Amino acid sequence: MILSKKLSEAINAQVNAEMWSSNLYLSMSVYFQNVGLKGFAHWMKKQADEEMEHAHKLIDYSIDRGGEVSIGQIDAVPTTWEGPIAAFEHTYNHECHVSELIDNLMNIAEEDKDHASRDFLFWFVREQVEEESTAKEILDQLKTYGECHVAIMDHKLGKR
Ligand code: FEO
């Protein structure tokens, strides 16, 4: 059974979304470098790499299942934030949005009764739980302890 056209197209859109996410976090990494927060920058660079891995995972799966892969244009990403809290608020909200996109892919796989795709997509469902939780934890710590905590967080995030 090959992928339905609808699911194949939705996976292409998700590849684009993951690449956009990668650029978003790369842009945040550059922003943090520029404001002297090397640990935050390191964390965001790792995050950008992970997002690109997600894109590759989707591409490989689509090819394996006879989908039609096409790499589209990636929209521009923001380049500046008010500070670490604003950047992590953006990160958390963005990950919640990505979770909705993954749920939508899963809905299509369910409509198609495509059990292989459901099985494949569960990895992303679980990954999103972790992505949201990690971003929320860092955001909560920044909000609770305030700007004086930024140096400690910078050291901690640099160990990712
Ligand atoms: Fe690929 Fe952060 O979701």
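Select glycine 146 to begin: this residue sits in the loop between helix 4 (115-145) and helix 5 (150-157), where helices (H or I, at least four residues) and strands (E, at least two) are DSSP runs numbered from the N terminus. Glycine 146 is partly exposed, with a relative accessible area of 21%; buried means under 20% relative accessible area, exposed over 50%, and partly exposed in between (1.4 Å probe, protein chains only). Add serine 21 to the selection, and the two C-alpha atoms, 125 residues apart along the chain, are separated by 26 Å.

The model is predicted, so local features need pLDDT of at least 70 and side-chain atom pairs count only at pLDDT 80 or more, while totals for chains, interfaces and linings use all residues. Residues are numbered from 1 along each chain as its sequence is written, and side-chain values use heavy atoms, with hydrogens and water left out.

Now show the whole protein chain, which has 5 helices and 0 strands and whose C-alpha atoms fill a box of roughly 55 × 25 × 25 Å along the principal axes. Of its 160 residues, 44% count as buried.

Next, select residues 38-64, which form helix 2: its 27 residues reach 39 Å from first C-alpha to last, close to the 39 Å expected at 1.5 Å a residue, the expected span being 1.5 Å times one less than the number of residues. After helix 2 comes glycine 66, with a positive phi near 75 degrees.

For the interior, select Met28, Phe32, Phe40, Met44, Phe88, Ile138 and Leu142, which touch the most other members of the largest nonpolar core, a set of 21 residues. Such a core is a set of buried Ala, Val, Leu, Ile, Met, Phe, Trp, Tyr and Cys residues joined through side-chain atoms within 4.5 Å. Helix 1 (5-34), helix 2, helix 3, helix 4 and helix 5 each give two or more residues to this core, and helix 1 gives the most, with 6 residues. Centre the view on phenylalanine 40: leaving aside neighbours within four places in sequence, its contacts (heavy atoms within 4.5 Å) include Phe32, Pro84, Phe88, Leu142 and Leu157. A second, separate core of 19 residues includes Leu3, Ala55, Val98 and Met106.

Turn then to the charged pairs, of which a search of the whole structure finds 8 salt bridges, each a side-chain nitrogen of Lys or Arg within 4 Å of a carboxyl oxygen of Asp or Glu. Select arginine 160 and glutamate 50, whose closest N and O atoms are 3.3 Å apart; arginine 160 lies in the segment after helix 5 and glutamate 50 in helix 2, so the pair ties together parts that are 110 residues apart in sequence. Lysine 143 and glutamate 89 form another salt bridge, with their closest N and O atoms 3.1 Å apart, and this pair links helix 4 to helix 3 across 54 residues. Within helix 4, aspartate 140 forms a salt bridge with lysine 136 at 3.1 Å between the closest N and O atoms; being 4 residues apart, aspartate 140 and lysine 136 are separated by about one helical turn.

Finally, select lysine 113, found in the loop between helix 3 and helix 4, where phi is positive, about 50 degrees, although the residue is not a glycine. Lysine 113 counts as exposed, at 62% relative accessibility.
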